[in-house]
Amino acid sequence: MIEQKINEFFGDAESTGFGTGWWSGILSAFFGFLSFGAVLCLHFPQLLTSPELRPHYPMHIMRVLIQCLIVGAILFGIIASILRKKKILALTGTLFAIAATALGGSSVRINPNLGNGPAIGMDWFLLDMLLMAIIYVPLERLWPQYPEQGTFRNEWTLDVVYFMSTHFPIQVLSFLVLLPATQAVKYLGVPVLQHLIAHIPWLFQFLLAIVVADVAEYFIHLALHKVPFLWRFHAVHHSSKALDWIAGSRSHFVDDTLVRGFILVPLMLGFSQSIIFAYLIFVTLHATWTHCNFGPNAKWLEQFLVMPRYHHWHHTSQKEGIDKNFAIHFPWIDKLFGTYYYPDEWPQRYGLDGEEIARGFVGQTIAPFTKRKRTS
Ligand SMILES: [Zn+2]
Ligand SMILES: [Zn+2]
């Protein structure tokens, strides 16, 4: 399996604590990989970058960012090679950075005449990976609920593959494909509704959009659990035995497409493109957040807003938490429909309740279409 190979490749037996060169090695490899990918994007924008994002890049800043990634990869590579006996991470990062520099680094000229042909969307994958890792990994390292779990837990590479799959090739599935879909506002929109909503202050429009989206999400999520054929797809998301920021991206593409479609259609009836766009950013950040291995809780806040512990109860394999907490933003939606479960402690176990699914990305993608039974 690919995931296992990558794990063996990077996971050396030396200790991974602070000061052992583990983190500098990881950062070197991560920054090196990102800088190399970014330079490739500069060379082949037509093929690799998303047409929807291209016009919006502040290129000056992007070039500075690429330069920083290259320098960062080399600096952390040096630190790691001093601190650590095994040099594989430092070497990987430094080689990527050298390759990025050899290919022209941050100063590659871009061909200004680009069409709107199909593209892979590597720019979005790299940017989102960088952003999410910068936001969530430090939070999980500083205040973890399960400190022994670690960032590179069992099956983390499987979830990186899922993260890639939703950003990479089959654009029909990604966030960005839904961006042009927001154009459909023109056709789906109900003028009276649009007119009414447009007169509310922006912030309240935004809050209303989150409520509408979460009610829609509630019902499709409920169906994903209760309809056996749909559960086969959603079971993939529930197969994680340890939750963190990247576990949230483990999701079958049928599951993803259904949920996004169900959320977007009601939004398009009455909300403007700017609200829908703001909601897409919000849901990406919040949904990722609810999967985080993050311990602290604010009592006053968790009454209004889904916090990690709330969604963790949705992922438990303990009987009392099964088919509870379907809402993704507001706990009171579950209260309203009688599916609220929120004791004061954290769950003890996660994953599927006595059910086995295929291992690995390819198996999990194909199996739901072919297998017939749901054992529980
Ligand atoms: Zn679920
Ligand atoms: Zn989840």
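Me: Buried means under 20% relative accessible area, exposed over 50%, and partly exposed in between. By that scale, how does leucine 193 count?

Reply: This is a predicted model. In it, leucine 193 has a relative accessibility of 36%, and because this value falls between the two cut-offs, the residue counts as partly exposed.

Me: And where is leucine 193 found?

Reply: Leucine 193 belongs to helix H10.

Me: Which residues form the nonpolar patch on the surface?

Reply: The patch consists of Leu188, Val190, Val192, Leu193, Leu196, Val265 and Leu269, and together these residues have about 560 Å² of accessible area. Two elements, helix H10 (191-198) and helix H13 (253-270), each give two or more residues to the patch.

Me: Which element gives the largest share of it?

Reply: That is H10, with 3 residues.

Me: Changing topic to the metals. What coordinates the zinc ion (ligand 1)?

Reply: Its protein donors are the NE2 atoms of His221, His225, His234, His238 and His314, which lie 2.1 to 2.2 Å from the ion. Along the chain these donors follow the spacing H-x3-H-x8-H-x3-H-x75-H. Of these residues, histidine 234 and histidine 238 are both buried.

Me: How far is that ion from the zinc ion (ligand 2)?

Reply: The zinc ion (ligand 1) and the zinc ion (ligand 2) are separated by 6.0 Å.

Me: Then which residues coordinate the zinc ion (ligand 2)?

Reply: His237, His291, His311 and His315 coordinate the zinc ion (ligand 2), each through NE2, at 2.1 Å.

Me: Why is the arrangement around the zinc ion (ligand 2) irregular?

Reply: The 4 donor atoms subtend angles of 94 to 158° around the zinc ion (ligand 2), which makes the arrangement irregular. A tetrahedral site would need all angles between 85 and 135 degrees, so the upper value of 158° rules that description out.

Me: What spacing do the donors of the zinc ion (ligand 2) follow along the chain?

Reply: The spacing is H-x53-H-x19-H-x3-H. Within this set, histidine 237 and histidine 315 link distant parts of the chain, as they are 78 residues apart. Histidine 237 is in helix H12 (residues 228-237), whereas histidine 315 is in the loop between helix H16 (308-314) and helix H17 (331-337).

Me: Are histidine 237 and histidine 315 buried or exposed?

Reply: Both histidine 237 and histidine 315 are buried.

Me: Now salt bridges. How many does the structure hold?

Reply: There are 7 salt bridges in the structure. One of them joins arginine 250 to aspartate 159, with the closest N and O atoms 2.6 Å apart. Arginine 250 lies in the loop between H12 and H13 and aspartate 159 in helix H7 (residues 156-167), so this pair ties together parts that are 91 residues apart in sequence. Arginine 250 and aspartate 159 are both buried.

Me: What about glutamate 302 and lysine 299; where do they lie?

Reply: Both are in helix H15 (residues 299-302), 3 residues apart, which is about one turn of the helix. Their side chains meet in a salt bridge of 3.3 Å, N to O. In general, an α-helix has 3.6 residues a turn, so residues three or four places apart point the same way. Glutamate 302 is buried, because its relative accessible area is 3%.

Me: With which residue does aspartate 353 form a salt bridge?

Reply: The partner of aspartate 353 is lysine 319, and the closest N and O atoms are 3.1 Å apart. This pair also links distant parts of the chain, 34 residues apart: aspartate 353 is in the loop between H17 and helix H18 (361-370), and lysine 319 is in the loop between H16 and H17. Aspartate 353 is partly exposed at 27% relative accessible area, whereas lysine 319 is exposed at 62%.

Me: Which residues do salt bridges with shared partners join into one network?

Reply: That network consists of Lys299, Glu302, Arg309 and Asp344.

Me: One last topic, helix H14. What span should its 18 residues have?

Reply: At 1.5 Å a residue, helix H14 (residues 273-290) should span 26 Å, and the end C-alpha atoms are 26 Å apart, which agrees. Its buried residues include Tyr279, His286 and Trp289.

Conventions:
Residues numbered from 1 in each chain as written. Chains lettered and ligands numbered in written order. Predicted model: local features only at pLDDT ≥ 70, side-chain atom pairs only at ≥ 80, totals over all residues. Heavy atoms only, no water. Donors = N, O, S within 2.8 Å, 3.2 Å for Na, K, Ca; no water. Tetrahedral: all angles 85-135°; square planar, octahedral: opposite > 155°, others 65-115°. Helix = DSSP H or I, 4+ residues; strand = E, 2+ residues; numbered from the N terminus. Buried < 20%, exposed > 50% of the residue type's maximum accessible area, 1.4 Å probe, protein only. Expected span 1.5 Å × (residues − 1). Patch = residues over 30% accessible without salt bridge, like charges linked within 9 Å, V, L, I, M, F, W, Y side chains within 5 Å. Areas by Shrake-Rupley, 256 points an atom, 1.4 Å probe, with all protein chains shown as cover. Salt bridge = Lys/Arg side-chain N within 4 Å of Asp/Glu carboxyl O.
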